[in-house]
Amino acid sequence: MRTQVAIVGAGPAGLMLSHLLAQAGIASIVLESRTRQAIEETIRAGVLEQGTVDVMRELGLADRMEQIGERHAGIEFRFRSRGHRIPLRDLTNGKEVTIYAQHEVIKDLVAARLAQGGEIAFGVSGVQLHDVDSARPRVTFRRSPDGPEEEIACDFIAGCDGFHGPSRQSIPTSLRREYHKTFPMGWLGILVEAPPSSAELIYCNHDRGFALVSTRSPEVQRMYIQVDAADDIANWSDDRIWTELRTRLATDDGWAPIEGPIIQKSIVGMRSFVCSPMRFGRLFLAGDAAHIVPPTGAKGLNLAVSDARVLAAAIVEFYRQNKTDLLYRYSQICLRRVWKAERFSNAMTQMLHRFPEHTPFEREIQLAELDYVTSSPHGLATIAENYVGLPIEWNA
Ligand code: FAD
Ligand code: DHB
């Protein structure tokens, strides 16, 4: 079979790309190794930047997000038992973030794509990329493990298959540089059946480690605490989790989280990763396939969407104007923004977590930094500008 763009992976990057291409009349086929149910149920990120929300609107996919999602005009940094609000909207000319779970975004994108007659093959196996450095790249795969091998001939391949997917490996190691950093901590995340403890997200630095209060709906909260990277979820009873949340989040004026039954809990590791370049021949990497950020800046999903926007624009320019300028500049345009998101995610992680190796001096420096960014108008503006999302700089 033949299509214009073969897309590997139905995460936010791949699905968003398929929609942006379809809007411009460009055909694609999405290959996804997991089932539709699995991708629609995996609990991940929750914070959408203004730019991500804008794309959902432009694509006519914002109805449920506008009903269920919550717009937040500020966030709180909490340290030394006191809260400090960062007024995002006031500091960014009206930009806000929207709290809307990643798996809800996935449900919206999948349902709309299938309703438009778009092709997403779920549960495929053995995906392999061929001739990516030629004008006729191909992807082979099987619809079921013992089914026949099928082939898609295409003009471009979008590698949107996450950190562990095969696409990145198609860039020869001699031509690709990878940057890695692993943090010594993980995040234990919970979903709780209880109303929101706070109207806005709380990022808290405490002597016992980081804590984050987020939300999902009027009935369900999302919370995280810093744990050791090697810790096992079996070590964390609900009681122990609540004790840590109460202790870390306590304020001088008696604030306490609203508790309820914990309906899901898991631990994720934290790392930074960048692959450069993000293009090889006719293969373009987008999202986690090319870069990972620690979750403290809430950037992973949003970077996947901004890559998809740049890639869609470049492919549209190719078909409409027969120009390759944006295609050649794809990696450079994306990486410029990616590195700034890496910088912000790294800075947020450094500022808000307890590091086992920190000396008392370094601990005081960390608290002074938090004091600075929450009290200086310039510090506040820097956090706000990055948190709501930096623009895509096309003329890099
Ligand atoms: P993905 O969402 O990973 O999508 C890639 C898709 O490719 C997957 O559906 C996968 O099944 C598919 N795939 C993989 N291999 C193949 C193959 N061989 N063939 C076909 N398909 C394949 N970010 C935040 O900002 N905040 C968070 O709290 C947060 N929590 C996270 C928790 C977890 C457990 C994980 C893994 C990530 C989290 N992230 C978070 C990061 C964020 O979810 C990702 O940055 C985002 O999903 C990236 O989107 P993507 O489309 O690039 O990749
Ligand atoms: C959520 C996740 C994040 O990584 C973050 O920085 C803030 C909120 C969330 O899942 O709600």
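## Close-up views of two ligand shells and two helix contacts

**View 1. The shell around ligand 1.** By class, the residues surrounding ligand 1 comprise 16 nonpolar, 9 polar and 6 charged residues. The model shown in this and the following views is a predicted one. There are 31 residues around ligand 1, and those that come nearest are Gly9, Gly11, Gly162, Gly287 and Gly300. Two helices, H1 (12-23) and H8, are the elements that each give two or more residues to this shell.

**View 2. The packing of helix H1 against helix H8.** Two packed helices are described by the angle between their axes and by the distance between those axes. For H1 and H8, the angle is about 30 degrees and the axes lie 8 Å apart, while the crossing in which H1 passes H8 is right-handed. On the side of H1, the contact is made by Pro12, Ala13, Met16, Leu17, Leu20 and Leu21, and on the side of H8 it is made by Leu301, Ala304, Val305, Asp307, Ala308, Arg309, Leu311, Ala312 and Ile315. Sorted by class, the residues of this contact of H1 with H8 are 13 nonpolar and 2 charged, with no polar residues.

**View 3. The packing of helix H3 against helix H8.** Helix H3, which covers residues 50-58, and helix H8, which covers residues 300-321, have axes that come within 9 Å and cross at roughly 55 degrees. Because of this angle, H3 is described as oblique to H8. The crossing in which H3 passes H8 is left-handed. From H3, the residues Gly51, Thr52 and Val55 take part in the contact, and from H8 the residues Asn302, Val305, Ser306 and Arg309 do so. The classes in this contact of H3 with H8 are 2 nonpolar, 4 polar and 1 charged.

**View 4. The shell around ligand 2.** Around ligand 2 stand Ala45, Gly46 and Val47, together with Leu201, Leu212, Ser214, Arg222, Pro295, Thr296 and Ala298. When these residues are sorted by class, the shell of ligand 2 contains 6 nonpolar, 3 polar and 1 charged residues.

**View 5. The stretch annotated in UniProt.** According to UniProt, in an unreviewed entry, residues 2-345 carry the feature "domain: FAD-binding". In the model, the chain over residues 2-345 is 31% helix and 31% strand, and the C-alpha atoms at the two ends of this stretch are 40 Å apart.

Note on methods. Residues are numbered from 1 along each chain as its sequence is written. Chains are lettered from A and ligands numbered from 1 in the order in which they are written. This is a predicted model: local features need pLDDT of at least 70, side-chain atom pairs count only at pLDDT 80 or more; totals for chains, interfaces and linings use all residues. A residue is near a molecule or strand if its C-beta atom, placed from the backbone, lies within 6 Å of it. Ala, Val, Leu, Ile, Met, Phe, Trp, Tyr, Cys and Pro count as nonpolar, Asp, Glu, Lys and Arg as charged, and the others, Gly among them, as polar. Axes are lines fitted to C-alpha atoms, for helices over the stretch in contact, and angles run from 0 to 180 degrees between N-to-C directions. Helices (H or I, at least four residues) and strands (E, at least two) are DSSP runs, numbered from the N terminus. Angles under 35 degrees count as roughly parallel, over 145 as roughly antiparallel, 65 to 115 as roughly perpendicular and the rest as oblique. A crossing is left-handed if the near helix is turned anticlockwise from the far one by less than a right angle, and right-handed if clockwise. Two residues are in contact if their C-beta atoms, placed from the backbone, lie within 7 Å. UniProt positions are given in the numbering used here, feature names are shortened, and annotations may be inferred rather than shown by experiment.
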